[in-house]
Structure formats: structure tokens, C-alpha cells
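Trainee: I would like to learn how to read a structure that is new to me, one feature at a time. Could we go through it together, with the general idea before each case?

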Amino acid sequence: MDLTAHQISKKFNRRVGGANWFYAVQPTDFTLESGKLAVIYGRSGSGKTTFLNMIGGLLQPSGGRVLLGDTDLYAMSDKELSAFRNKTIGMIPQGSTALGSLTVLENILVPAMIYGKISAEKDNYAKELLDTVGIGLLSDAMPQELSGGEQRRMAIARSLINSPEILLCDEPTGDLDDENTRSVLELLREVADKGTAVLMVTHEPEAKNYANIVMKMDGGALKNA
Ligand SMILES: Nc1ncnc2c1ncn2[C@@H]1O[C@H](COP(=O)(O)OP(=O)(O)O)[C@@H](O)[C@H]1O
Ligand SMILES: [Mg+2]
């Protein structure tokens, strides 16, 4: 499923110069096809997270439209959008979002539980994903026992549990050493190669070596890098 954004923008209220608002993201077109991995670079505060959240159905744009296939994300009701997001869009948010009272395996199953019962099949798939991301032996551990790299892999496995068509990653290698950074990038490349459309915003210079598309966010304006 391809993702297309038409002239999406986000204004926030803040006194900047003579105005009471500013564009965190200026009106932007963007397309991402299945099987492609896109990387957006940009310094802190340039609008990357705002852009990603609009693309992912988490933040209503001030203007413009986001289409996933034929579905117009923000034309749906909140309830419809939540269900659609859960099924279609995987998200690896910035920082750690593990639920501390659940095991690693249970954390991964959370997105699958929200709209359905856990089948034996899902349970097996979760274990398979843990093996894929290289933490199969940690399924019964608690998240706080994991290293930064292991927590990141857990977040990746969780984002994949519902087999999303789109995967959005906000600085997925943020706090990782070189070796873990490379293995996470390889993993995201494999996800794209299996047909998912992957978009990553990052500071990581290595990321471009795994990308089909490289862009740059600068003061809310998205440009080809
Ligand atoms: N809810 C908000 N209200 C007002 N300003 C915001 C809000 N969210 C983000 N911003 C501002 O928008 C700009 C872009 O933020 P963000 O998208 O988080 O940047 P990045 O992810 O590139 O670091 C920043 O100047 C930030 O302070
Ligand atoms: Mg950010």
C-alpha cells in the first residue's frame, strides 16, 4: 500500500517574529511506495516528529491530506482511524515506550490484543519476531532488564506484530552503539525488502546507506537531500 501526503502542514501557536503562530511543517507533498525505505535527516526542532506523527495518523494536519492507498486518514472518525492505524501502520516512537509491568513477549502482543484475542498463531508469530530481532531468549524478561539496544529491538518487534503496510520510525537508533545501530538498520532494510513502506527520521549518517530515498527537513521544509 502506498502512502501519499498532499500539502500537509502543521501550525503551532507560538510567538515568532511578529506572528502568534509558526509552521512546524510547511505545506509538503510526500510519497512512499511499498518496499521502499526513506530516510529524513534534520536537526533537532526541524519538524521531523511532527511530520511523522501527521503521516502516521497521530496528529491532525492544519491543512492537506494523508492517503494510505485509497483511505483518507483524517476523513475517518477517531474510532475508525484508531482501528485502521492499528491494522495498517507500525510506529516506533522516539524514546522508550515499554510497559514495565509486562514481559517482553507480552509487550509485543499488546497491539495485537487491542482489537482481538490472541490466537496461538499470533503468539507464535510474536516469538518468531523476537527471534528475528535477535532477542528470542529474552521473551520472559521484564523490559527494564534489557539494554538500550535490546529495548529498541523489542520496539521494532512490537511495531511489526500486526504486519503493517507502513512502518514509521522516529530516531530508531538514537541511543545505540555502532554495532546495534547497524543491526537495527539492516533489520529495517529487511522489513522494506519484504514489502513494507518504511520511513525513518534520524541523525544517523549510516542510515542513508540502507535507503532508497534520502531527504532533509530544514525549518519545517522537506527537501531532497
Ligand atoms: N504541541 C506543540 N506546540 C507548540 N510547538 C510545538 C509542538 N510540538 C512541537 N512543537 C515545535 O515544533 C517544532 C518542531 O518540533 P519536532 O517536530 O518535535 O522537531 P524534531 O522532531 O525535528 O526535533 C519545534 O520548534 C517544536 O518546539
Ligand atoms: Mg523528534
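Trainee: How do the residues of the lining of the second largest pocket divide into nonpolar, polar and charged?

Mentor: Before the case itself, please keep in mind that this is a predicted model, in which local features need pLDDT of at least 70 and side-chain atom pairs count only at pLDDT 80 or more, while totals for chains, interfaces and linings use all residues. Residues are numbered from 1 along each chain as its sequence is written, chains are lettered from A and ligands numbered from 1 in the order in which they are written, and side-chain values use heavy atoms, with hydrogens and water left out.

Mentor: As for classes, Ala, Val, Leu, Ile, Met, Phe, Trp, Tyr, Cys and Pro count as nonpolar, Asp, Glu, Lys and Arg as charged, and the others, Gly among them, as polar. In the second largest pocket, the lining consists of seven nonpolar, three polar and three charged residues.

Trainee: How is a pocket found, and how much space lies in the second largest pocket?

Mentor: Rolling a probe the size of a water molecule over the atoms shows where empty space is left. On a 1 Å grid over the protein atoms alone, a pocket is an open set of points where a 1.4 Å probe fits, with protein on both sides within 12 Å along at least five of seven lines, and lining residues have an atom within 4 Å of a point. Grid points are joined across faces, edges and corners, and a volume is the space filled by probe spheres set on the points. By that reckoning, the second largest pocket holds about 270 Å³ of space. It is lined by 13 residues, and Y125, L129, L160, V191 and K194 are the closest to its centre.

Trainee: Which element gives the largest share of the lining of the second largest pocket?

Mentor: Elements are DSSP runs numbered from the N terminus, with helices being H or I runs of at least four residues and strands E runs of at least two. The largest share, four residues, comes from α4, and α4 (120–132) and α6 (178–193) each supply at least two residues of that lining.

Trainee: What can be said of the largest pocket, and which residues lie nearest its centre?

Mentor: The largest pocket has about 430 Å³ of space, and among its 18 lining residues R85, N86, M91, P111 and R158 lie nearest the centre. Two or more lining residues come from each of α2 (78–88), β6 (89–92), α3 (104–113) and α5 (148–160). By class, this lining has ten nonpolar, six polar and two charged residues.

Trainee: How many aromatic pairs does the structure hold, and how should I read one?

Mentor: A pair of aromatic rings is described by the distance of the centres and the angle of the planes. Rings of Phe, Tyr and Trp (its six-membered ring) pair if their centres lie within 6.5 Å, and planes under 30 degrees apart count as stacked, over 60 as edge-to-face and the rest as tilted. The structure holds three such pairs. In one of them, the ring centres of F12 and F22 are 6.4 Å apart and the planes are at 45°, so the pair is tilted. This pair links distant parts of the chain, with F12 in strand β1 (residues 3–16) and F22 in strand β2 (residues 19–32).

Mentor: In another, the rings of W21 and Y23 have centres 5.4 Å apart and planes at 85°, so this pair is edge-to-face.

Trainee: Is Y23 buried or exposed, or in between?

Mentor: Buried means under 20% relative accessible area, exposed over 50%, and partly exposed in between (1.4 Å probe, protein chains only). Y23 is partly exposed at 31%, and W21 is partly exposed at 37%.

Trainee: How many salt bridges are there, and where do D193 and R189 lie?

Mentor: A salt bridge is a side-chain nitrogen of Lys or Arg within 4 Å of a carboxyl oxygen of Asp or Glu, and by this rule the count comes to five. D193 and R189 form one of them, with their closest N and O atoms 2.8 Å apart. Both residues lie in helix α6, four residues apart, which is about one turn of the helix. D193 is exposed, with a relative accessible area of 55%, whereas R189 is buried at 17%. Another salt bridge joins R65 and D72, at 3.3 Å between the closest N and O atoms.
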